[in-house]
Amino acid sequence: MILRDLIRQSEAMLDEKDKDCNVAKVLFYHLANKEPHQLYLMMDEEVDETLFQQFQAGMERYMNGEPIQYINGKENFFSRDFIVNENVLIPRYETEELVENILYKIDDYFEDYESIDLCDVGTGSGAIAITLALEEPKLKVIATDISQEALEVAKENAKALGAHVTFYQGDMLQPLIERQQKFDIFVSNPPYIPQNQDIESVVKDNEPHVALFGGNDGLYFYRKIFQNVQKVLKNRALLAFEMGFDQREIMCEAVEHYFPDIPYEIIKDINGKDRMLFIYYHLS
């Protein structure tokens, strides 16, 4: 079959089922090991039979509800390809904005520091920790996750991308507390979806629930962090979190309860939604 016809037929099928029509091209250029722009130079070529079969198998998996990122085995984050599978959450664009804002804060808040200790709790694929380590040479980065399977993915990503990150397996802050380590920057993108909230089936049926749901109101893991985080902070520290866009009120209540008289701010994303929490910790 000619590639143009294959893509056209596949897009029509996706459109009929109200699915993302771009998936056909994304899947094909991944399987063909081509860049997106190269695909258009191939449109009048005949598709190799092996490649055709692989494409059909991938399309079937997608039509059956599997995310294209898991089918391809990777997702782009901050212009780098990260390995992803069913053991880790697929990195989102909103999290790129969190990383970008942390980098801005480092320039302002730690301008005179020659070395900065940073931890990323609940690292998953390692997207946040690895990106920060690669983007800011001053950082010494440690990342934790309760899932050994997730850590294997993160370690693989760090090795593939050439990032120096130390990984610990354990529940939230525990591996850091046990090692009596202290940090200038504490980063976390914990699960923040309320347990009973309806979400897309492609997310709920495929991505790890331990990385999605945060208790009855979505703040279970934030409160767990807030209760103990001072044990791993230096006297002056920055805390950075991603949060649900509709959680401003309950997040403010939680922060003011655990950090009375400590300044903080909630920053909007590019779409104008509350998405990032920064706490400016200082022990007087």
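Me: Which residue in β5 stands opposite Ala-143?
Reply: This is a predicted model, where local features need pLDDT of at least 70 and side-chain atom pairs count only at pLDDT 80 or more, while totals for chains, interfaces and linings use all residues. Residues are numbered from 1 along each chain as its sequence is written, and side-chain values use heavy atoms, without hydrogens or water. Strand β4 covers residues 139-145 and β5 covers 165-169. Opposite Ala-143 in β5 stands Phe-167.

Me: How many bridges join β4 to β5, and do they run parallel or antiparallel?
Reply: Strands are DSSP runs of E, at least two residues, and helices are runs of H or I, at least four, numbered from the N terminus. Two strands pair if DSSP finds at least two bridges between them. For β4 and β5 the bridges number five, and the direction is parallel.

Me: Which hand has the β-α-β unit of β4, α8 and β5?
Reply: View the unit with its strands pointing away from you; a clockwise path from the first strand over the helix to the second is right-handed. Here the helix is α8, residues 148-161. The unit is right-handed.

Me: At what angle does α8 run to β5?
Reply: Axes are lines fitted to C-alpha atoms, for helices over the stretch in contact (heavy atoms within 4.5 Å). Angles run from 0 to 180 degrees between N-to-C directions. Helix α8 lies across β4 and β5, and its angle to β5 is about 170°.

Me: Why do β5 and β8 each have one side without a neighbour in the sheet?
Reply: The open sheet has seven strands in the order β5-β4-β3-β6-β7-β9-β8, with mixed pairing. β5 and β8 are edge strands, so each has a single partner strand.

Me: Where do the UniProt "binding site" residues lie, gathered or scattered?
Reply: The unreviewed UniProt entry places this feature at Gly-122, Thr-123, Gly-124, Ser-125, Gly-126, Asp-145 and Asn-189. Positions follow the numbering used here, the feature name is shortened, and the annotation may be inferred rather than shown by experiment. They span 68 residues in sequence, but no two C-alpha atoms are more than 11.8 Å apart, so the residues are gathered at one spot.

Me: What is the relative accessible area of Ser-125?
Reply: Ser-125 sits in the loop between β3 and α7. Beyond neighbours within four places in sequence, its contacts include Phe-82, Leu-89 and Asn-157. Buried means under 20% relative accessible area, exposed over 50%, partly exposed in between (1.4 Å probe, protein chains only). Ser-125 is buried, at 5%.
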